[in-house]
Amino acid sequence: MSTLEIRDLHVAVGDKEILRGVDLTVRSGETHAIMGPNGSGKSTLAYAVAGHPKYTVTSGSVLLDGEDLLEMSVDERARAGLFLAMQYPVEVPGVSVSNFLRSAITAVRGEAPKLRDFAKELKAGMDGLSIDPAFAQRNTNEGFSGGEKKRHEILQLELLKPKIAVLDETDSGLDVDALRVVSEGINRFRASGDTGVLLITHYTRILRYVKPDFVHVFAAGRVVEEGGPELADKLENEGYEAYTTKASA
Amino acid sequence: MGLETKPLSTLHEKSSYDVADFPVPTGREEEWRFTPLSRMKGLHDGTAAVTGGVVVDVDAAPEVRVETVGRDDARLGKAYTPADRVSAQAYSSFEKATVITVPKMTAASRHTVITLRGSGAGAAAYGHILVSVEPMAEAVLVLDHRGSAVYADNVEFDVAEGATLKVVSLQDWDDDAVHVSHHHARLGKDATFRSFVVTLGGDLVRLSPSVSYTAPGGDADLTGLYFVDAGQHLEHRLLVDHSVPNCRSNVTYKGALQGDDAHAVWIGDVIIRAEAEGTDTYELNRNLILTDGARADSVPNLEILTGEVAGAGHASASGRLDDEHLFYLQARGIPFDEARRLVIHGFFAQLIEKIEVPEIRERVLSAVEAELAR
């Protein structure tokens with residue numbers, strides 16, 4: 001049983017305050033959707049929790065099972081059990097998918113997997129996401145299409161088995177087939193054990209495949225409304241207009 | 001630039017076997033302005049005391065002929081005429097030259113290794129190597145520079161019609177070595193030349209690989225990798241002179257620098273003369289600056305004197321490790337040092353894969369690893 005606890009989190013980029021007091025608790029077994037208009041700070045939340053150097057936490061706390069994530073380096077957070085699936089996965093020239101994943105698994109599990117076991121595990125993971133096995137030898141994300149990049153993020157999610165996964169607009173740029181494959185991957189991950197998911201999205205589309213337990217509406221750097229799955233349906237029909245006018249008023 | 005304009009720098013514009021034809025460089029000249037002359041140990045002004053001290057040892061493929069010849073051997077200096085003072089000094093000062101011949105229509109069954117071992121940086125030595133690959137022959141050659149020396153030399157690669165020569169030149173000198181070298185490849189019709197330069201060791205290394213073509217169809221690929229540590233000056237000066245139609249050249253040099261006063265210089269001159277229609281050329285230099293206090297100078301020069309080229313381009317970039325690369329790897333649990341190692345390794349990986357000889361490839365890989373562990 002794991003808990004990610006975000007308390008009164010304020011985050012700035014340069015001099016500009018983006019998050020203005022976010023409170024959120026994600027427990028294993030739960031799926032939370034964060035929805036909101038562009039520029040509301042959804043991605044900032046994801047990157048700040050993961051520790052991207054561009055984002056400065058000015059106050060508040062982020063605890064994973066009581067441990068202060070903000071005191072940890074980026075890699076320590078990941079080894080503590082946090083995973084961030086990125087909206088724009090980074091191309092890393094000259095580092096093959098296979099080499100990258102083996103290094104990551106070794107770091108997260110604390111020991112290098114046997115080569116044979118790793119090959120098997122990688123193949124099974126790739127099969128499950130309809131990824132061509134040839135990708136194992138390609139440079140990480142280099143020349144991948146948007147959909148291929150997102151599949152590889154979910155492949156990493158399934159292999160690294162974090163306690164809490166933050167999925168930042170994993171659905172953006174996917175066609176219907178890719179969305180289905182990626183959603184199945186997320187659902188396998190959810191079913192695989194004691195894991196919590198924080199799903200950040202602009203659209204309700206992915207929520208048809210990945211059913212959230214809680215929906216939080218984000219506007220102007222904080223949570224402005226919370227509810228169950230029915231809140232997503234409301235957003236589907238009415239859009240974000242009510243929140244954006246309220247926030248700017 | 002108009003078609004009638006003379007190019008700024010070509011191989012034969014200013015070349016001579018006679019040292020006296022080149023004034024002693026002062027450091028203000030374009031071709032010497034990056035080089036710290038005070039660390040040349042007298043190679044540039046004739047004050048270096050010649051005492052020998054570089055032992056040349058050849059481990060040749062059975063099909064390859066190896067000779068040690070005197071200065072009067074008529075074959076020497078045919079493919080290349082010295083183009084600067086140090087090159088002319090080396091040409092007029094060497095005592096024995098090594099001549100490697102790959103007989104025509106012969107494919108060497110294994111690579112040939114020329115080891116040049118310096119016995120101390122207290123003395124200066126001059127050398128000359130001629131590698132002659134006869135028509136339709138094929139060979140792989142390794143030049144392995146080790147130990148300590150103050151050494152200037154000229155290496156001629158004469159690649160005849162339809163022949164293929166692949167060369168790996170390792171500058172793996174001790175920390176106090178000074179090495180100034182010219183490697184010139186003269187390519188005959190449809191000849192193929194692959195050069196892979198790896199410069200890791202030495203206080204000052206200035207290597208000038210150049211290529212000329214005598215007939216159409218020549219194909220040259222020049223690849224380089226260097227790792228510059230604190231206090232080192234590693235300079236590579238490329239010159240590809242396209243003077244005949246329908247030849248190809250590709251230059252890719254990548255380097256990493258770390259530590260105070262680590263200095264890399266890369267000059268990439270490519271000339272496409274008016275008569276060289278159908279030329280296809282590209283040159284690229286990338287520098288990865290790993291710490292403060294290191295400096296990379298990168299100067300690509302592409303002169304095109306004909307409108308009829310198949311392709312011509314160049315690119316140069318020097319910068320730090322990309323924070324986004326490191327963040328991505330670290331966000332997957334990989335510790336910073338390991339992430340850094342992976343990214344730098346990746347930066348060189350595609351180049352190292354091109355090295356023909358597996359044991360040299362392994363040696364370069366582990367040398368890069370060792371540099372990263374410093």
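Where in chain A is G81(A) found? The loop between α2 (74-80) and β6 (82-85) of chain A holds G81(A). Before we look around, please keep in mind that this is a predicted model.

**A glycine in a loop**

Is G81(A) buried or exposed? G81(A) has a relative accessible area of 8%, and because buried means under 20%, G81(A) counts as buried. Setting aside residues up to four places away in sequence, G81(A) touches L64(A), P162(A), K163(A) and I164(A). R180(A) lies 99 residues from G81(A) along the chain, and the C-alpha atoms of the two are separated by 26 Å.

**The cores**

In soluble globular proteins, nonpolar side chains tend to be buried together. Here, the largest nonpolar core has 112 residues. The residues with the most contacts inside this core are I6(A) and L45(A) from chain A, along with F348(B) and V364(B) from chain B. Helix α3 (residues 336-352) of chain B gives this core its largest share, eight residues. There is also a second, separate core of 56 residues, which includes V131(B), V167(B), V197(B) and A294(B).

Let us return to I6(A). Leaving out neighbours within four places in sequence, I6(A) is in contact with L45(A), and also with V22(A), D23(A), L24(A), V49(A), S61(A) and V62(A).

**Chain B as a whole**

Chain B contains four helices and 16 strands. How does its radius of gyration fit a compact globule, and why? A compact globule of 374 residues would have a value near 21 Å, so the 20 Å of chain B agrees with that. Contacts tell us about the fold too: among those in chain B between residues at least 6 apart in sequence, 86% join residues at least 24 apart. The table gathers some overall values.

| Property of chain B | Value |
|---|---|
| Box filled by the C-alpha atoms, along the principal axes | roughly 60 × 50 × 45 Å |
| Share of the 374 residues that count as buried | 60% |
| Exposed area | about 14000 Å² |
| Part of the exposed area from carbon and sulfur atoms | 48% |

Charges complete this view. Chain B has 35 positive and 56 negative side chains, and the centres of these two sets lie 1 Å apart.

**A glutamate in the last stop**

Finally, meet E371(B), in helix α4 (residues 358-373) of chain B. E371(B) counts as buried because its relative accessibility is 6%, and the limit is under 20%. Beyond residues up to four places away in sequence, E371(B) touches L200(B), F227(B), D229(B) and Q258(B).

How values were computed:
Residues numbered from 1 in each chain as written. Chains lettered and ligands numbered in written order. Predicted model: local features only at pLDDT ≥ 70, side-chain atom pairs only at ≥ 80, totals over all residues. Heavy atoms only, no water. Helix = DSSP H or I, 4+ residues; strand = E, 2+ residues; numbered from the N terminus. Buried < 20%, exposed > 50% of the residue type's maximum accessible area, 1.4 Å probe, protein only. Contact = heavy atoms within 4.5 Å. Core = buried A, V, L, I, M, F, W, Y, C linked by side-chain atoms within 4.5 Å. Rg over C-alpha atoms; globule rule 2.2 N^0.38 Å. Areas by Shrake-Rupley, 256 points an atom, 1.4 Å probe, with all protein chains shown as cover. Lys, Arg positive; Asp, Glu negative; His and termini not counted. Charge placed at Lys NZ, Arg CZ, Asp CG, Glu CD.
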